[in-house]
Amino acid sequence: MTDALTRIYVDADACPVKDEVYKVAERHHLPVTVVAGGFIRVPPHPLIERVAAGSGMDAADDWIAERIKPGDIVITADIPLASRCVKAGATAIAPNGKPFTEESIGMTLAVRNLMTDLRSTGEITGGPRAFSPRDRSTFLSALDSAIRRIARRRAAPT
């Protein structure tokens, strides 16, 4: 069993892997906090907590960023939120399984800002590619690996 100090936060608005998070968290006996702007349905389970953070701009992101700590995991596609969480010492994983790291977050933010600028000028009109079964599989592997890595770190003598 993994140390219960690890909590998984899900930036739930438009998150395609919530069910996968619930299954992995249950297997590892980890608490999950599902954060959305408003009401969101979650399975009735003692390890799953639902939070309606409010409808304000970035309310869910701010709620998560104010509570995340080293050893926690956040599931988000929101790059600025991922950056805030990584800076706080947490693990951040995108729904497609891509980990956000201190090494990659700067470039990821720069690309996001460039794409936003290109979309606003009409240079690029499409969004990200469709979510695929392979993304789901990659995500499951990344989440399981992150949980095991955190557990090993916590179990290591200091």
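This is a short tour of the structure, from the whole chain to one residue pair and one pocket.

This is a predicted model, where local features need pLDDT of at least 70, side-chain atom pairs count only at pLDDT 80 or more, and totals for chains, interfaces and linings use all residues. Residues are numbered from 1 along each chain as its sequence is written, and side-chain values use heavy atoms, with hydrogens and water left out.

**Whole chain.** Show the cartoon. You have five helices and six strands (DSSP runs, H or I of at least four residues for helices, E of at least two for strands, numbered from the N terminus). Trace the sequence and the pattern reads β-α-β-β-α-β-α-β-β-α-α. Of the 158 residues, 41% count as buried (under 20% relative accessible area, 1.4 Å probe, protein chains only).

**His28.** Select helix H1, residues 18-28; His28 lies in it. His28 counts as buried because its relative accessibility is 12%. Now add Asp144. A polar contact of 2.6 Å joins the two side chains, His28 and Asp144 (a pair of N or O atoms within 3.5 Å; within protein, one must be able to donate a hydrogen and the other to accept it, and residues adjacent in sequence count only if both atoms are side-chain atoms).

**Second largest pocket.** Select Asp11, Asp13, Asp61, Thr76 and Asp78. Of the 15 lining residues, these lie nearest the pocket centre (a pocket is an open set of points on a 1 Å grid over the protein atoms alone, where a 1.4 Å probe fits, with protein on both sides within 12 Å along at least five of seven lines; lining residues have an atom within 4 Å of a point). Finish on helix H2, residues 59-67: it gives the largest share of the lining, three residues.

Note on methods. Buried < 20%, exposed > 50% of the residue type's maximum accessible area, 1.4 Å probe, protein only.
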